[in-house]
Amino acid sequence: MLVRLRTESVSRSLSSEGISVPDNGRSLSQHTKYPTDDLWERTCFKLIMEDYIDHLYPLLPIVHRPSFRRALREDRDREDSGFLGLVLAIAAVVVATLPSRFQQYRSLSPPLQFQSRRDMVSYCADRIMRLRTATYFDEINFQKYAISYLLYAAFLQLGDHNRSRMLDVEAMQIARLLNLHCISQYNGLNCIETQLRKKGFWLIFYSLVHARLQNMLGERLSYLDPALLQTINPEDMMPLEVDDEFILENEVLVSGSQTPCLVTGFIIHSRVFWAAIRDPLPGHSAEEPCPCIRARDPQIHISYLENRLQSLKYLLHDIPAILRPWGPPNEDHLNDGRTDAILRSNFATMRANIHVTHLWLQSLLIDQLEAAQTGQAGSLPESCAGHSPYKMGPKALWLEREELCRQLFFVLHTLPQASLEANGLHLAYKVRDIAASIMTCPFHPQEPEAKRAAEYVQDATSWLSRLDRSESINALHLQSWVDTDRVRSEPSIP
């Protein structure tokens, strides 16, 4: 009785905050078998977990797959509040990322009772917060980092940037306390934990690069400062290139297959992000100028941006065939079984992630290079002008952007919709950023380049109508918060 009254009180509290709460007549009671029975039927819960493993795990490999499957079979969420928090966070990110699956959950019998993805994600997040005690942060582990990161990713996928920023900071703080960035602090960890923490480092590193290249309002904190970044060798932080099934607590088994695995795509994606801000060649990063020197010398800053752009441009020329934009030359090694179909889909999902990210980062660097050249044109000596193709003026830069658009639409047209959806709202943002860059066309409207630009914009509009399934307006580049101390009542008009 007390449990039911407490649940009803929580439901009323959440409803008063504008959060829809499922009401399927199965409120928690003394007969409750699982702590999530007020959220969903167990069949639905298992389906959501399978969808994470089948569709999102390649992009968010934040669990050890065999251990996670075993914990699900053992129903560990019944007794372990930490694991309960983890599965709630996973459910949140699955629903936030995959709109089509949310509709599938709502068509089950009995259906998932949440009316919108935002309602379910918010409810999962609030349940997770209620699991925390006053001493929650006195003991930390990778699971707590994973929960914070997954919630950050879920709200980011919904377009709720204010809440995602705060969760991002929480995940960054736990990552710093765990020393995910410091390879010397990995001593004493078992093989599974070491692999997980290396993957965790790169996941939070991606947000660092976003903050470096896309922090237009200057409001985002950074995971690593320039001094710490100088101490990191990216190769030390790369996870082992083997599937989770070959990693045991005390040993790593040798895989007999030479076929690239899912970790291969994760490693390549991580190298793309590293190359966007540091030299990918071993030992070269230490020779790069620090941000304070680049800020004082426009020549050095422009040279740095050119180097980053060149490194990115040719970074993927020798990746495995299965991860190239057009996919493998043949798939005879895959049959029509469910496992191979999922694996084929996983590689397609990673191809979208790798190549669209690769093009998007180049586009952001061209933005910065163009701004640096425009802002510092008067202060640069004539002797430094014209030796690089990226200093040839707006038309040359625009042609670079056009090439990025051409490659982008090629990648999108070669991938199935399911693999594009698994990349979530991030993909729509990246497509929008790349396409928007060609709208300021410096050519005459009757010239071929201008006509191609109009076609690219039309193509981008068509793609965005399919990719952007968000439930709110994208406010990433706008101030979406209100400083109430600055709000003043307007004087009355007589």
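This is a short talk on the core, the hollow spaces and a few backbone details of one protein model.

Okay, hi everyone. Before anything else, keep in mind that what we're looking at is a predicted model. Let's start with the overall picture. The protein has 494 residues, and 50% of them count as buried. If you go looking for strands, you'll come back with 0, because DSSP runs here give 19 helices and nothing else to count.

How do the contacts spread along the sequence? Take the contacts with a separation of 6 or more: 75% of those are between residues 24 or more positions apart. As for the outside, the accessible surface comes to about 23,700 Å². Carbon and sulfur atoms account for 53% of that surface.

Now to the inside. In soluble globular proteins, nonpolar side chains tend to be buried together. In our model, the largest nonpolar core has 144 residues. Which residues have the most contacts inside this core? They are W40, Y52, F68 and Y145. Helix α15, residues 338–376, gives the core its largest share, with 14 residues. And where does the core sit? Domain 1 (35–216 + 231–247) and domain 2 (259–377 + 390–470) both contribute residues, so the core lies between them.

Let's zoom in on F68 for a second. Leaving out residues up to four places away in sequence, F68 touches M49, Y52, I53, V63, F83, L86, V87 and I90. You'll recognise Y52 there, which is another of the residues with the most contacts inside the core.

Next up, the empty spaces. The second largest pocket holds about 560 Å³ of space. It has 25 lining residues, and H64, S67, Q143, I192 and L196 are the closest to its centre. Which helix gives the most to that lining? It's α3, with 5 residues. Four helices each supply at least two lining residues: α3 (65–73), α4 (81–97), α7 (142–158) and α9 (191–214).

There are closed spaces too. Searching the whole structure turns up 7 cavities of 30 Å³ or more. The largest cavity has about 400 Å³ of space. Its lining is made of 25 residues, with L60, Y149, Q157, N353 and H426 nearest the centre. Here α7 provides the largest share, 5 residues. At least two residues each also come from α4, α9, α12 (262–277), α15 and α18 (424–436). So if you're clicking around on the structure, α4, α7 and α9 are worth a look, because these DSSP helices help line the second largest pocket and the largest cavity.

Last part: some backbone details in the loops. S109 and P110 are joined by a cis peptide bond, with omega about -5°. You'll find P110 in the loop between α5 (99–106) and α6 (117–131).

Then there are two residues other than glycine with a positive phi. D75 has phi near 50°, and its place is the loop between α3 and α4. For N179, phi is near 55°, and this residue lies in the loop between α8 (161–177) and α9.

Are those two buried or partly exposed? The cut-off for buried is under 20% relative accessible area. D75 comes in at 16%, so D75 is buried. N179 has 24%, so N179 is partly exposed.

That's the tour, thanks for listening!

Terms used: Residues are numbered from 1 along each chain as its sequence is written. This is a predicted model: local features need pLDDT of at least 70, side-chain atom pairs count only at pLDDT 80 or more; totals for chains, interfaces and linings use all residues. Side-chain values use heavy atoms; hydrogens and water are left out. A nonpolar core is a set of buried Ala, Val, Leu, Ile, Met, Phe, Trp, Tyr and Cys residues joined through side-chain atoms within 4.5 Å. Buried means under 20% relative accessible area, exposed over 50%, partly exposed in between (1.4 Å probe, protein chains only). Domain bounds come from an automatic or database domain assignment. Contact means heavy atoms within 4.5 Å. Accessible areas come from the Shrake-Rupley method with a 1.4 Å probe; for residues, only the protein chains shown count as cover. On a 1 Å grid over the protein atoms alone, a cavity is a set of points where a 1.4 Å probe fits but cannot get out, and a pocket is an open set with protein on both sides within 12 Å along at least five of seven lines; lining residues have an atom within 4 Å of a point. Grid points are joined across faces, edges and corners, and a volume is the space filled by probe spheres set on the points.
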